[in-house]
Amino acid sequence: MNAILETGAAGFLARYEALLGRLPGDSTLRAAAADAFRTLGLPGATRGRRAEAWKYTTLQPLGGMSFGSSGPPPAIALPNAAARLVFAGGAFRADLSTSVPGFARFADQPEFGELSWPDRDPMVALNTMLAEDGAVLTIPNDRDAGIVFLVHAGIDGTSAHPRHMIRLGRGARLTLMELFEGEGCYVHNPVSEIHVADGAVLTHVRMQTESTAAFHLATIYAAIAEGGTYDSFTLNIGGRITRTEVHTVLDGAGAVAHLNGAQLLTGSQHADFTSVVRHAAPKGTSRQTVKNVLAGQSRGVFQGRIEVARGAQGTDGYQMNRALLLSPDAEIDTKPELEIFADDVKCSHGATVGELDPEQLFYLRSRGIPDSEARAILVRAFLAEALDPVTNDTARGLLEDAVARWWEGQA
Amino acid sequence: MPADSETLDTVRSVTQSGYKWGFETDIEMDVAPKGLSADTIRLISERKQEPSWMLEWRLKAYQAWLAMEEPHWARVEHARIDYQDIHYYAAPKKKPGPKSLDEVDPELLRTYEKLGIPLKERAILAGVEGADQDGYVEGSGQIAVDAVFDSVSVATTFRATLSKVGVIFCPISEAIREYPDLVRQYIGSVVPVADNFFAALNSAVFTDGSFVFIPKGVRCPMELSTYFRMNARNTGQFERTLIIAEAGAHVSYLEGCTAPQRDENQLHAAVVELVAMDDATIKYSTVQNWYPGDAEGRGGIYNFVTKRGACLGARSKISWTQVETGSAITWKYPSCVLLGEDSVGEFYSVAVTNNRQQADTGTKMIHIGKGSRSTIIAKGISAGRSNNTYRGLVKVLPSAAGARNFTQCDSLLIGQECGAHTVPYIESRNRSAKIEHEATTSKIAEDQLFYCRQRGLSEEDAVNLIVNGFCKDVLKELPMEFAVEAQKLLAVSLEGSVG
Amino acid sequence: MLDIHGLTASIGGKAILKGIDLSVPAGEIHAIMGPNGSGKSTLGYVLAGREDHSVTGGTVTFEGRDMLSMEPEARAAAGLFLAFQAPIELPGVNNANFIRTALNAVRRAHGESELDAVQFLKLARAELKRLAMPDDMLKRNVNVGFSGGEKKRNEVLQMTLLRPRFAVLDETDSGLDIDALKIVADGVNALRGPEFSALVITHHQRLLDHLVPNRVHVLAGGRIVRSGGPELAKELEKSGYGAMLAEAA
């Protein structure tokens with residue numbers, strides 16, 4: 001196809017034109033998304049004023065690249081799990097997956113949901129325009145669905161735009177372990193919509209260890225009903241450019257949201273963690289701890305906003321962002337925001353930026369611990385605050401291993 | 001809660017009756033026709049008897065301004081401003097720059113008296129032993145005042161005492177004529193003419209303001225103060241202040257401002273530039289009390305101000321303290337560019353909004369010099385249906401090894417219809433820099449109010465006490481006389497907003 | 001001095017006080033004892049006029065005036081003082097300034113002249129000395145960073161400076177060591193006289209050894225189940241509330 005010769009936004013639009021009539025779901029919605037994407041473009045790739053939401057991240061490198069939709073799958077190790085859904089290059093692979101109750105393919109049962117903003121967010125517009133597959137997972141009321149793995153394998157030279165819809169019924173429970181891996185240069189642009197009904201608990205652990213040439217651009221929308229809990233943790237280790245954008249709405253009274261994360265970067269990696277927690281109902285609780293560990297010439301970005309709507313009295317919101325700069329060329333940009341329209345609230349945020357404490361380092365070394373080991377101990381300790389809320393043993397184990405591997409790679 | 005609803009009723013029953021500075025002075029004025037053009041700028045420059053370089057500078061700024069757009073990134077909303085519907089020059093008739101206070105229009109002296117700013121030197125201290133020729137007594141806590149009325153400075157006190165130690169304190173219009181080399185060297189050096197829309201506008205049309213020069217090694221013997229009064233209708237106030245502290249110099253400068261109570265909005269777009277050399281210290285304090293508009297949001301000043309200090313020298317220090325209670329809209333970010341090694345920037349702010357007021361204020365600390373340090377303490381109090389935003393930037397460049405910043409932003413909400421927002425930007429490109437930021441939002445706790453009332457305090461007194469406690473870390477940075485004034489102002493601003 | 005009749009009160013719709021009858025004549029000190037959750041602290045708060053404690057019935061008369069219709073500050077001006085069980089922190093508010101503001105508010109209400117800072121400090125320092133408290137108590141922010149004991153002492157200091165006619169001490173003795181306990185007791189004893197009365201809410205006999213009450217009342221389930229002389233407290237110390245409650249039921 002000649003379409004593939006086009007690069008950047010034009011390339012994506014050409015692919016949409018080529019797929020017209022063959023894409024599942026609401027074609028009007030897709031056309032609107034294509035219009036929006038045409039107007040918005042790839043953030044930073046075109047000249048002109050930067051959108052505030054993309055103040056610190058540019059997708060300019062994508063401007064000169066083009067991506068196909070298929071290729072030979074990478075050799076990645078699959079988790080040995082009873083419930084496993086595998087997507088390669090964005091397409092569901094039944095041969096690699098297990099049977100998971102409540103699962104349907106987006107290709108068979110396309111659902112775009114109602115929480116996303118394809119008109120405002122270029123990456124969501126892109127996904128809405130091109131999504132061909134994804135996981136539609138529905139957990140019935142009061143069911144404990146245990147742990148489900150959702151694995152994304154990136155294929156060199158492709159762009160994947162999976163669309164996921166996760167619904168937890170009243171009182172349901174689920175641990176969703178999402179893994180992102182791959183080989184070569186590719187784009188992962190997933191959009192997930194999550195509904196947590198009254199009293200339900202979703203533990204969402206995301207581990208991104210993409211190829212360091214890959215673009216990982218994920219957007220998550222979560223709505224939490226009365227007494228529900230959305231407990232998430234994101235670990236970003238891979239990727240050339242990573243953007244994790246999470247929009248959480250605490251819709252029901254007493255809803256709880258945890259949006260924790262850690263980014264470990266080196267080389268010229270860039271990772272942007274952007275989140276909005278909206279307290280729309282009274283007595284909600286939100287907690288967020290995001291840690292950046294930055295080596296090489298890497299750049300970490302954290303943008304976090306807590307919004308408290310009028311009437312959301314009794315809100316308790318807390319957010320902490322810390323960055324550890326391990327090299328003289330690393331950079332951190334942080335923008336923690338509070339937007340408060342109710343008076344009976346307790347909201348606070350904090351941010352710190354610094355290097356390893358030389359006095360702590362000296363203390364450890366004076367006790368006979370070698371320098372590199374002492375540093376490892378301190379970095380591990382630094383990350384503990386963010387990792388500690390992950391209580392699921394399987395998830396915690398995987399995250400700890402990934403962190404350990406990253407650290408070994410630094411030595 | 002009973003206390004809440006009850007006290008909120010009190011809020012509703014009390015309108016903005018508290019603004020005591022809203023009177024108008026009836027005085028004959030020399031006013032330029034409405035509208036902005038190269039001709040308006042030429043007229044201003046001519047009225048000020050400026051040298052040609054100044055006019056050219058202004059016209060360059062005007063050209064830059066024409067190509068710029070009004071900024072809309074702040075969290076403030078206002079009707080479109082018609083820049084052609086404003087008088088850009090208004091001055092009391094009577095020749096500017098009187099030689100002594102005796103030559104100042106008595107109506108003006110009465111106005112300042114009424115505002116609590118006596119333009120007196122000798123009068124109070126006549127006959128006091130040790131008094132100088134202009135009545136200055138060492139250690140007496142006197143303050144030298146430059147009084148700016150609409151577009152011109154009407155009087156500057158204690159100039160004789162100051163000039164003895166080489167301190168220049170005069171209207172900037174006079175400085176442009178008398179000290180052109182100094183002005184030319186520094187004006188626009190900290191805030192370039194095209195820095196932003198309002199700074200460009202100011203550079204084109206500024207009319208007066210204060211000029212301060214503290215020579216090497218001199219500690220200014222008294223507090224310097226400028227008092228701005230906007231009086232004329234449909235007039236914009238565009239003052240320009242330039243303070244230069246040479247190596248080892250110290251100065252504490254205060255500014256205050258008020259305006260009559262009117263139904264229409266008035267524009268105030270000032271530019272303040274500070275320059276501190278090695279070991280110099282500039283302390284700049286503001287009590288901003290422009291007319292805030294009425295309870296329904298009619299009238300009030302649009303306060304769009306650019307204030308920036310350059311810590312050029314090693315160990316130089318610039319400290320901004322502001323108490324912002326007035327204005328319908330406040331848009332200002334007093335900043336420090338910390339170029340010098342071990343230079344220090346400070347920003348202490350209290351911003352109070354009530355009724356329909358909107359404030360979007362904060363600071364920028366740009367760390368360039370090695371070991372530069374900055375502290376930001378911002379306290380926002382929102383009441384009524386107001387919106388109060390802290391917006392700030394801490395930026396550490398690769399050169400700023402060992403830079404330090406500490407930021408504390410606290411918001412207090414009074415009532416359920418206001419908003420409090422915090423938008424800090426932190427950008428660090430040096431690993432040895434250490435940055436700490438904390439922000440909290442809270443309301444006055446019912447149990448705090450009850451505790452105070454149990455001890456016999458009225459609800460309003462209890463709120464004042466708690467609010468003043470909330471602001472203490474900032475208020476203690478103000479010079480004594482201002483601190484007392486500021487405390488009273490907080491009480492007046494929050495009058496009836498108890499909750 | 002203080003007469004309570006059929007007082008009922010609830011918090012958040014839950015009835016806590018279910019009919020209290022109690023009279024404290026001038027010059028007397030009465031103790032209120034009772035198990036946790038019996039309504040002791042609620043009684044203190046209701047007397048002081050806390051808004052979220054709704055009075056649902058009954059009367060409280062203080063020197064012939066209907067106290068329930070008065071604002072908290074008016075009650076304070078009339079001479080009521082509540083020493084809080086958990087004194088409130090007021091960040092940034094200087095303790096001396098706070099107490100002086102309170103004292104002057106009360107003086108104003110009585111038509112007395114206000115004290116200036118110098119007069120007040122002289123008075124406060126003398127009182128501090130008498131109570132064996134350090135001077136820096138005045139310089140610090142109200143209760144901020146105070147230990148439990150310091151907070152309680154600060155309540156006693158405020159009480160002695162404000163010179164109330166009727167004091168309610170809500171477990172002011174809890175968490176205090178024996179020396180601090182003595183300071184509290186001395187503070188109250190110093191005010192003792194024909195024109196001063198107090199209601200001492202406590203768990204322990206300890207305080208009552210230093211502050212001998214005229215009467216002891218046992219509060220349980222929102223009612224006074226028994227009243228007696230000082231010996232009642234000793235009896236409680238020995239046999240506990242259990243026996244007494246069983247007997248009352």
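## Helices, crossings and loops in a three-chain predicted model

The buried residues of helix α5 of chain A (buried meaning under 20% relative accessible area, exposed over 50% and partly exposed in between, with a 1.4 Å probe and protein chains only) are Ala374(A), Ala376(A), Leu378(A), Val379(A), Phe382(A), Leu383(A), Ala386(A) and Leu387(A). This is a predicted model, in which local features need pLDDT of at least 70 and side-chain atom pairs count only at pLDDT 80 or more, while totals for chains, interfaces and linings use all residues. Residues are numbered from 1 along each chain as its sequence is written, chains are lettered from A and ligands numbered from 1 in the order in which they are written, and side-chain values use heavy atoms, with hydrogens and water left out.

Let us stay with α5(A) for a moment. Helices (H or I, at least four residues) and strands (E, at least two) are DSSP runs, numbered from the N terminus. Helix α5(A) covers residues 371-387, and its 17 residues reach 24 Å from the first C-alpha to the last, close to the 24 Å expected at 1.5 Å a residue; the expected span is 1.5 Å times one less than the number of residues. Its buried residues pack against strands β13 (229-236), β15 (256-265), β17 (285-294) and β19 (316-325), and against helices α4 (358-366) and α6 (393-410), of chain A. Contact here means heavy atoms within 4.5 Å.

Now to how the chains meet. Of the 2 pairs of chains that touch, chains A and B have the most contacts. Chains A and C are joined by no contact, and their closest C-alpha atoms lie 15 Å apart.

Chain B has 12 helices and 24 strands. Of its 499 residues, 66% are buried. Taking contacts in chain B between residues at least 6 apart in sequence, 84% join residues at least 24 apart.

One residue to look at in chain B is Lys379(B), in strand β20 (residues 373-382). Lys379(B) counts as buried because its relative accessibility is 7%. Where does the side chain of Lys379(B) reach? It comes to 3.5 Å from the backbone oxygen of Phe470(B), a polar contact (a pair of N or O atoms within 3.5 Å; within protein, one must be able to donate a hydrogen and the other to accept it, and residues adjacent in sequence count only if both atoms are side-chain atoms). Beyond its neighbours within four places in sequence, Lys379(B) is in contact with residues including Asp410(B), Phe470(B), Cys471(B) and Asp473(B).

Cys471(B) also takes part in a helix pair: Asn464(B), Val467(B), Asn468(B), Cys471(B) and Leu475(B) in α11(B) meet Ala483(B), Ala486(B), Gln487(B), Leu490(B) and Ala491(B) in α12(B). The axes of α11(B) and α12(B) (residues 480-493) are 10 Å apart, at an angle of about 140°. Helix α11(B) is therefore oblique to α12(B). Axes are lines fitted to C-alpha atoms, for helices over the stretch in contact, and angles run from 0 to 180 degrees between N-to-C directions. Angles under 35 degrees count as roughly parallel, over 145 as roughly antiparallel, 65 to 115 as roughly perpendicular and the rest as oblique.

In chain C, the axes of α6(C) and α7(C) (residues 178-191) come within 10 Å and cross at roughly 15°, so the two helices are roughly parallel to each other. Arg153(C), Val156(C), Met159(C) and Thr160(C) of α6(C) make the contact with α7(C) residues, among them Ile183(C), Val184(C) and Leu191(C).

Helix α3(C) has 15 residues (95-109), so at 1.5 Å a residue it should span 21 Å, and the 21 Å between its end C-alpha atoms agrees. Its N-terminal end is capped by Asn94(C), with a side-chain oxygen 2.9 Å from the backbone nitrogen of Ala96(C). After α3(C) comes Gly111(C), with a positive phi near 75°. Among the buried residues of α3(C) are Phe98(C), Ile99(C) and Leu103(C). The buried residues of this helix pack against α10 (446-454) and α11 (459-475) of chain B, as well as α2 (72-78), α4 (117-130), α5 (136-139) and α6 (148-162) of chain C.

Two non-glycine residues with positive phi sit in loops:

| Residue | Phi | Loop | Relative accessible area |
|---|---|---|---|
| Asp342(B) | about 55° | between β16 (335-338) and β17 (344-353) of chain B | 34%, partly exposed |
| Arg163(C) | about 45° | between α6 and β7 (166-170) of chain C | 52%, exposed |
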